[in-house]
Each structure stands twice: as C-alpha cells, then as structure tokens.
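These are my notes from working through one model, kept in the order in which I looked things up.

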Amino acid sequence: MRVIMIGALIAALVTLGLAPLERAAAQDFPSRPVRFVVPYAAGGSGDLLARLLGNKLAGIWGQQVVVDNRAGAGGLIGTEFAARSEPDGYTLYLATDGPLTIAATLYKRVPYDWKRDFAPVSMLAMGYQVLIVRPSLPARTVQELITLAHQKPGELNYASIGIGSAPHLGAELFKSVAKADITHVPYRGSSAQAISALIAGDVSMFLVGTSTAVPYIQSGAVRGLAVTSSHRVQGLPDVPTFAEAGLPGVDVSIWFAVLVPAGTPPAVVSKLSADIAQVVADPEFKNALALRGFEAKSSMPEQLAEFLDKDYVKFRDLIQKLGLQVE
C-alpha cells in the first residue's frame, strides 16, 4: 500500500511539474505553420469555412495555416488521417456529422473512434437545410406537399447525395414526421447533380444546405418550402421554418467544428478554443458566414463534447429506426 501511495505521489508531482511547462508551450504556440485537415474536396462549404477561419487565425498567430484537403469515402479518409496525426496542436481537423456522429452507427467498421481519437476544441458554424421542390410540383407549402404524398403514396421521390448523408437522413426524418411514403433516389455526385435532376423533373424534392440552395430559389429554378432552423435564415426571408409550416421536429442542422487529435496538451487546446472564439466574434467573419447561409458559433471544449454526444444519440436512434447500415 505504501509503495502505491508513493507512486501516486510521484505521479502527482510530475503532473504538477509538467503543467507550467505546458502553459509556457501554449503561450508560444504556434511557432511554425499549422495544418488544417478538411476531409472533403476543395470548393465545398467545409473547405470554404476552413479557409476563412485559417486566414483569420494566421493573422492572430503570425503563422501560416495550410488547408489540407483529404477527400474520399464520405470524409472517412481525411478523418482517419487527422486521428492518426501527432497530438501537438499543429494538426487541426474540420469536423462535421457525416464521418463522426453518423458514421459511428451507419458503418459496421470505422477505422477510428470519434470519442477516443479526438479532443473537442470549439464549434465553428451552424448551417441549415431547406426543402426544395421542382416548380412544376403542385405543392407550394409543406402541408400541400404532405397531402400530395398521401394522395400518391410511393409516387413522389426525393434526391440525396448518398445513403447516410445529411440530406438522406433529413428527408427520412421528414417522411417519418409527416407519415408519408416517398421514394429515395440517391446520387453519388455533388448537391449540384441532385439539384440538376430536380430542375429536370427527375425527382420531386431535395433537402439541401441553404448555402447551396439560395441562388436556385432566388432565381426561381426551384421552390423553397421550409428550413430546418428554429428561425428564418438570411437570404430566404420568405421561406418558413418547419415549425412555422406545421411540422415541428424536423431538425437536421448542419454543423462544423474544430477538433484535434486526442492527447493534444490541454493548455494548447484551451488556447486554440480561445483564439477561435476571438475569430467567431469578429463581425467581418460573422457576416462572411451569414452571406453563405451559416451562423458563426463558438463554444468551450466541454460544451462541444456535450453537443457531439447528443448529436450521436440523435443520429444513432434515427439510423437504427430506419434499419440502415453500410459495410
């Protein structure tokens, strides 16, 4: 027992001795360029957010922030790379639900554990989805769409960008709440491909990020029926929320957050979180995100951890209810 107590005392003293060193290291962080891993291709919403944040952080730090796009397998490739990176604070990871809280249930095997292999830093942005339909569809409101779906069970269809994607799960949630029989038509390409199919009349509807849909709605190419946010979004003032449209419960927000590999020194994590909060509070940054359909939002690491846990439970329950699983 005495040996154990002495060992515990030594460990505590070592920890106390390391704490000042970690704080000192954090004060000098970063002393070289920082890599920002984005698990998606250049040009998408995630890539844009990473570059906007990276430019601002580079100005604060006086060090370059290099966006490293590692696309593939629905974000799993880039996520695994980030999880295996050195936990020194010099690798940031742009997280979203697909490869983290959704993949954990959707796939039988994932090459990382999102809770074990990552440490939360800060929320970055919240985005929302909007239900759009082709203009020729005789439904100008959500309730008219539901009525039409009930009158023609199985005849209406909706596009997605793949099984387990946010548009797919969001549309399935809409179907569940509306008690409607609507057929899924997945497209392996981008949202632009699905919107093209919608405009051509190949599909009836598509639930897609507002940042993508706004120009199509404003031009009249498609019709927006409802947004998944709790409030109307900038750029779509005439499109009601699902709650306003009489269908509360359709909540499939799109979020982006910053994580780092597990084991990154806590003092560095705290500095990263504080610096990101400084960027998010910048009116110029807020406006840049708002123009693209996103709401800038920061958080403490523990707040992000709580959010991720809730997001995981939400998608786990939905995926299990739908009976979805991918090899």
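I looked up Phe174 first and found a relative accessibility of 3% in this predicted model, so under the 20% cut-off Phe174 counts as buried. I then checked Phe242, which is buried as well, with a relative accessible area of 2%.

Next I took the geometry of these two rings: Phe174 and Phe242 form a tilted aromatic pair, with 6.0 Å from centre to centre and 55° between the planes. Since Phe174 belongs to helix H6 (residues 166-178) and Phe242 to the loop between S9 and strand S10 (254-261), the pair ties together parts that lie 68 residues apart in sequence.

I searched the whole structure for aromatic pairs and obtained 7. One of them joins Phe29 and Trp61 edge-to-face, at 5.8 Å centre to centre and with 70° between the planes; Phe29 sits in the loop between helix H1 (2-27) and strand S1 (34-38), while Trp61 is in helix H2 (residues 45-61), 32 residues apart. Both Phe29 and Trp61 are buried, and ring pairs link them with Tyr90 into a cluster.

I also looked for charges over rings, and noted that Arg32 lies over the face of Tyr90, 3.7 Å from the ring centre, and that the charged end of Arg70 sits over the ring of Phe81, 3.6 Å from its centre.

Finally I traced the open sheet of 5 strands, which has mixed pairing and the order S7-S6-S8-S5-S9. Strands S7 (183-186) and S9 (223-227) each have a single partner strand and stand at the edges, so one side of each is left without a neighbour in the sheet.

Terms used
Residues numbered from 1 in each chain as written. Predicted model: local features only at pLDDT ≥ 70, side-chain atom pairs only at ≥ 80, totals over all residues. Heavy atoms only, no water. Pairing = 2+ DSSP bridges. Helix = DSSP H or I, 4+ residues; strand = E, 2+ residues; numbered from the N terminus. Phe/Tyr/Trp six-rings, centres within 6.5 Å; stacked < 30°, edge-to-face > 60°. Buried < 20%, exposed > 50% of the residue type's maximum accessible area, 1.4 Å probe, protein only. Lys NZ or Arg CZ within 6 Å of the ring centre and 35° of its normal.
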